[in-house]
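Colleague: I would like to go through this model with you, pockets before aromatic rings. Please give the reasoning along with each value.

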Amino acid sequence: MTNGIRIDTAQFPVARPRRLRTSAALRRLVSDVRVAPADLVLPMFVKEGIGGPAPIASMPGVVQHTRDSLRKAAAEAVDAGVGGVILFGIPAVKDGRGSSADDPAGIVQLAIADLVAEVGDQCVVMADLCLDEYTDHGHCGLLTAAGEVDNDATLERYASIAVAQARAGVGVVAPSGMMDGQVGAIRAALDGAGFGSVPILAYSAKYASGFYGPFRDAAECAPQFGDRSAYQQDPARSAGEALREVALDLAEGADAVMVKPALAYLDVLRAVADAVDVPVAAYQVSGEYAMVEAAAANGWIDRERVIDETLIAVRRAGADIILTYWATEVARRLR
Ligand code: PBG
């Protein structure tokens with residue numbers, strides 16, 4: 001030391017972040033990001049007219065349920081402590097207007113009633129509210145003669161589906177079609193039909209994503225032409241657009257909002273969580289599930305460790321509620 005000053009490190013508190021990592025007990029004590037079973041929602045598929053549960057090739061471990069196997073799987077989820085389930089129906093017959101989506105005898109309405117009777121006191125029975133699972137063309141709305149999705153005509157269908165789901169006893173409706181004005185149309189329809197207390201969880205910031213690939217096998221709803229880029233958000237736009245979608249949905253009466261997919265959109269999730277004071281959900285979608293399962297099946301990653309890490313990441317980015325196909329498994333592990 002040319003100036004004669006000697007630094008005696010023993011006299012100064014040297015920063016040692018590692019001090020808090022030295023034992024499992026310490027790490028557990030100081031950890032502040034936790035996932036609880038009650039925060040998890042299990043997405044479930046129920047298909048009309050099948051004799052037994054049907055495996056989905058691109059989502060190992062996930063099945064299309066019969067009404068019977070659905071009830072059992074929902075009971076298992078509740079036993080594990082999950083906070084909710086969200087239903088997707090796959091009708092035996094599809095048509096241009098998705099008629100079975102609001103048919104009182106349609107598969108999803110029957111399944112809602114089944115689950116409300118079976119587990120309705122112990123978890124929230126939600127339903128996805130969209131048309132793509134029910135239309136023969138696979139788009140989320142009605143088409144014009146030119147083959148474009150007709151925003152305002154679709155709103156009338158969504159309003160009718162909301163009322164049908166509410167009559168079946170649904171706990172929360174979750175519109176996922178990304179039509180402009182959908183939350184307002186659904187709120188007005190529910191209120192007008194005497195269902196003013198049914199909440200709306202809006203898929204507010206939903207991106208046109210390749211991560212939905214396996215879901216389209218599960219729900220048999222791949223668009224027969226084109227894609228969803230004209231209504232779902234462009235991944236190449238910053239979070240500001242998501243905030244605008246969220247603000248519109250809240251103004252129209254959304255009770256909670258969702259960001260979807262999760263892992264590739266954690267920046268959007270954080271921005272939304274910082275901006276609103278309603279519950280924020282994130283959907284860990286089919287492709288996120290499939291990637292981890294495929295890599296784990298090859299022995300390339302530690303399956304459980306990666307699953308837990310992804311959920312912690314989504315939580316850390318601000319999600320209050322996480323929709324995940326691993327809900328039952330993770331809830332069991334957490335208990
Ligand atoms: C639309 C809907 C989709 C998903 C949930 N709701 C498909 C889509 O928008 O193409 C995807 C969920 C997943 O990938 O797990 N009804």
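Colleague: How do the residues of the lining of the largest pocket divide into nonpolar, polar and charged?

Modeller: This is a predicted model, and the values are computed from it. The largest pocket has a volume of about 560 Å³, and 15 residues line it. They divide into six nonpolar, one polar and eight charged.

Colleague: Which element gives the largest share of the lining of the largest pocket?

Modeller: Among the 15 lining residues, Ser31, Val33, Arg34, Asp308 and Ile312 lie nearest the centre of the pocket. The elements that give two or more residues to this lining are α1 (24-30), α10 (303-316) and α11. The largest share is five residues, and the element that supplies them is α10.

Colleague: Which residues lie nearest the centre of the second largest pocket?

Modeller: The second largest pocket has a volume of about 370 Å³. Its lining divides into 10 nonpolar, three polar and four charged residues. Of the 17 residues in that lining, those nearest the centre are Leu42, Gly61, Val62, Tyr325 and Thr328.

Colleague: And which element gives the largest share of the lining of the second largest pocket?

Modeller: Two or more lining residues come from each of β1 (40-47), β3 (63-65), α2 (67-80) and α11. The largest share, four residues, is that of β1.

Colleague: Turning to the rings, how many aromatic pairs does a search of the whole structure find, and is the pair of Tyr203 and Tyr283 stacked, edge-to-face or tilted?

Modeller: The search of the whole structure gives nine aromatic pairs. In the pair of Tyr203 and Tyr283 the ring centres are 6.2 Å apart and the planes stand at 45°. Stacked needs an angle under 30 degrees and edge-to-face one over 60, so this pair is tilted.

Colleague: How many residues apart in sequence are the parts that Tyr203 and Tyr283 tie together?

Modeller: Tyr203 belongs to strand β7 (residues 201-206), and Tyr283 to strand β9 (residues 280-283). Both Tyr203 and Tyr283 are buried. The pair therefore ties together parts whose separation in sequence is 80 residues.

Colleague: Where do Tyr289 and Trp326 lie?

Modeller: Their ring centres are 4.9 Å apart with the planes at 35°, so the pair is tilted. Tyr289 is in helix α9 (residues 286-297), and the pair ties together parts 37 residues apart in sequence. The place of Trp326 is the loop between β10 (321-323) and α11 (327-334).

Colleague: Does Trp326 count as buried or exposed?

Modeller: Buried means under 20% relative accessible area. Its partner Tyr289, at 5% relative accessibility, counts as buried. Trp326 has 2% relative accessibility, so it counts as buried.

Colleague: Which residues form one aromatic cluster?

Modeller: The members of both pairs just described belong to it, namely Tyr203, Tyr283, Tyr289 and Trp326. The full cluster is Phe45, Phe88, Tyr203, Phe215, Tyr283, Tyr289, Tyr325 and Trp326.

Colleague: How far from the ring centre of Tyr283 is Lys260, which lies over its face?

Modeller: Lys260 also has its charged end over the ring of Tyr212, 4.5 Å from the centre of that ring. For Tyr283, the distance from the ring centre is 4.9 Å.

Colleague: Finally, what is the radius of gyration of the protein?

Modeller: The secondary structure comes to 11 helices and 10 strands. For 335 residues the globule rule gives 20 Å, and the value for this protein is close to that, so the protein is as compact as a globular protein of that length. The radius of gyration is 22 Å.

Key: Residues numbered from 1 in each chain as written. Predicted model: local features only at pLDDT ≥ 70, side-chain atom pairs only at ≥ 80, totals over all residues. Heavy atoms only, no water. Phe/Tyr/Trp six-rings, centres within 6.5 Å; stacked < 30°, edge-to-face > 60°. Buried < 20%, exposed > 50% of the residue type's maximum accessible area, 1.4 Å probe, protein only. Lys NZ or Arg CZ within 6 Å of the ring centre and 35° of its normal. 1 Å grid on protein atoms, 1.4 Å probe; cavity = no way out; pocket = protein on both sides within 12 Å on 5 of 7 lines; lining within 4 Å. Points joined across faces, edges and corners; volume = space filled by probe spheres on them. Nonpolar A, V, L, I, M, F, W, Y, C, P; charged D, E, K, R; others polar. Rg over C-alpha atoms; globule rule 2.2 N^0.38 Å.
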